[in-house]
Amino acid sequence: MEPQTTFEMEFADSEIRQALWQGDDLHVLFSAVAATRHALGDASTSGFLQGVELVLRQCTPVPTAALFGRVRSGALRLEGQPSILRISVPSTWDQPLALELEPAQNGFLVLQAQGMECRLQAGGVFRESLFC
């Protein structure tokens, strides 16, 4: 992907492939996230981004089985700030936060962590949406 290309993801209509613990950090791997591609000198394009991973540092314990499948909605909450519905890929937060997710099958989850990193794994791919 070109260096002048940036992405923004949103939690709604994304799909969690796997969640796993590595020490106190929770890694949430998405099979696809709803995303917008911003290319320098070009119009923004809506689509899906594959290969996104969230690393929630020092996350409070949650059962990973609840983190699977389609996400209806979600928001990132930082103390004293309005909810964030879209985040840049990649991006990093080095402060306490709460990630609120509503998986389609498992109710509502609040993941509390001391920081979070959103990254695009090697081989990540953007696919333009064909919805009209």
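**A tour starting at Glu100**

Select Glu100 and show what surrounds this residue: leaving out residues up to four places away in sequence, Glu100 touches Ser73, Gly74, Ala75, Arg77, Phe108, Leu109 and Val110 (contact means heavy atoms within 4.5 Å). Before going on, note that this is a predicted model, where local features need pLDDT of at least 70 and side-chain atom pairs pLDDT 80 or more, while totals for chains, interfaces and linings use all residues. Residues are numbered from 1 along each chain as its sequence is written, and side-chain values use heavy atoms, with hydrogens and water left out.

Now pick out Arg77: its side chain and that of Glu100 share a polar contact of 2.7 Å (a pair of N or O atoms within 3.5 Å, one able to donate a hydrogen and the other to accept it; residues adjacent in sequence count only if both atoms are side-chain atoms). Glu100 counts as buried because its relative accessibility is 15% (buried is under 20%, exposed over 50%, partly exposed in between, with a 1.4 Å probe and protein chains only).

Next, colour strand β7, residues 97-103, where Glu100 sits (strands are DSSP E runs of at least two residues, numbered from the N terminus). Six of the seven residues in β7 are buried.

Then bring up the partners of β7. β4 runs antiparallel to β7 over seven bridges (strands pair if DSSP finds at least two bridges between them), and Gly74 stands opposite Leu101. β8 is also antiparallel to β7, over five bridges; there, look for Leu97 bridged to Ala113.

Last stop, Ile87: beyond four places in sequence, its contacts include Leu54, Trp93, Met116 and Cys118.

Methods: Helix = DSSP H or I, 4+ residues; strand = E, 2+ residues; numbered from the N terminus.
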